[in-house]
Each structure stands twice: as C-alpha cells, then as structure tokens.
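Dear colleague,

Please find below the structure that I am handing over to you. My findings follow it, and I would be grateful if you read them with the model open.

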Amino acid sequence: GYAVHAADLAGVVADVGAARVTVLAHSFGGVLAALLAGGEYGVDVDRAVALGVKVDWTPDEEAWARAT
C-alpha cells in the first residue's frame, strides 16, 4: 500500500543524503508527498505540492488503494 511506497521514497532521500526536500507530485505521488510531509518517515519536507490527487474515493477504491 501507500506505506511501502512512502518508505521506498524515504529510502531514496536518505540514499542521496538530502537534508531537506521539496516534493512535487501528481496523482498517486501526491498522496505519497503528503505522507512524507507528515513526518512519519523521517524526511524533512520543506514543502509538498500535489496536483491531480483524487480526493473522493468509494470504499472499494480505498480498499484497493490500500492493498496495492
């Protein structure tokens, strides 16, 4: 789910040695940007810009997104 992808991105940030990042993302990436900005993954996000993020989910869509 989202957590796996967010953790992968946090790993990339750590690998490149970035102290602080700006995240510009579209769609699914916007959700990941928000997760990283929340601080749970140890990434210092200066700003997150998310475009085209789906905000109205049916229960089935939400379940699918969490599982993938």
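In this predicted model, strand 1, helix 2 and strand 2 together form a β-α-β unit, and this unit is right-handed. The two strands of the unit run parallel, and six bridges join strand 1 to strand 2. To find one of these places on the screen, please select V23, whose bridge partner in strand 2 is A48.

Strand 1 also deserves a look for its side chains. In a regular strand, side chains alternate between the two faces of the sheet. Strand 1 shows such an alternation: V21, V23 and A25 point to one face and are buried. T22, L24 and H26 point to the other face and are not buried.

I then turned to the charged side chains. The count of salt bridges in the model is four. One of them joins D44 to R20, with the closest N and O atoms 3.6 Å apart. This pair connects distant parts of the chain, as the two residues are 24 residues apart. D44 lies in the loop between helix 2 (28-37) and strand 2 (45-51), while R20 lies in the loop between helix 1 (2-16) and strand 1 (21-26).

How exposed are these two partners? D44 has 40% relative accessibility and therefore counts as partly exposed. R20 reaches 52%, so it counts as exposed, the cut-off being over 50%.

R20 takes part in a salt bridge with D46 as well, and here the closest N and O atoms are 3.4 Å apart. This pair, too, links distant parts of the chain: D46 is in strand 2 and R20 is in the loop between helix 1 and strand 1, 26 residues apart. D46 is partly exposed, because its relative accessible area is 33%.

Which residues belong to the network of salt bridges? R20, D44, D46 and R47 are linked in it.

A further salt bridge is formed by E61 and K54, whose closest N and O atoms are 2.9 Å apart. With a relative accessible area of 29%, E61 is partly exposed. K54 is partly exposed too, with a relative accessible area of 39%.

When you go through the model yourself, you may wish to begin with the β-α-β unit of strand 1, helix 2 and strand 2. From there you could move on to the network that links R20, D44, D46 and R47.

Yours sincerely,
A colleague

Methods:
Residues numbered from 1 in each chain as written. Predicted model: local features only at pLDDT ≥ 70, side-chain atom pairs only at ≥ 80, totals over all residues. Heavy atoms only, no water. Helix = DSSP H or I, 4+ residues; strand = E, 2+ residues; numbered from the N terminus. Buried < 20%, exposed > 50% of the residue type's maximum accessible area, 1.4 Å probe, protein only. Pairing = 2+ DSSP bridges. Right-handed = clockwise from strand over helix to strand, strands pointing away.
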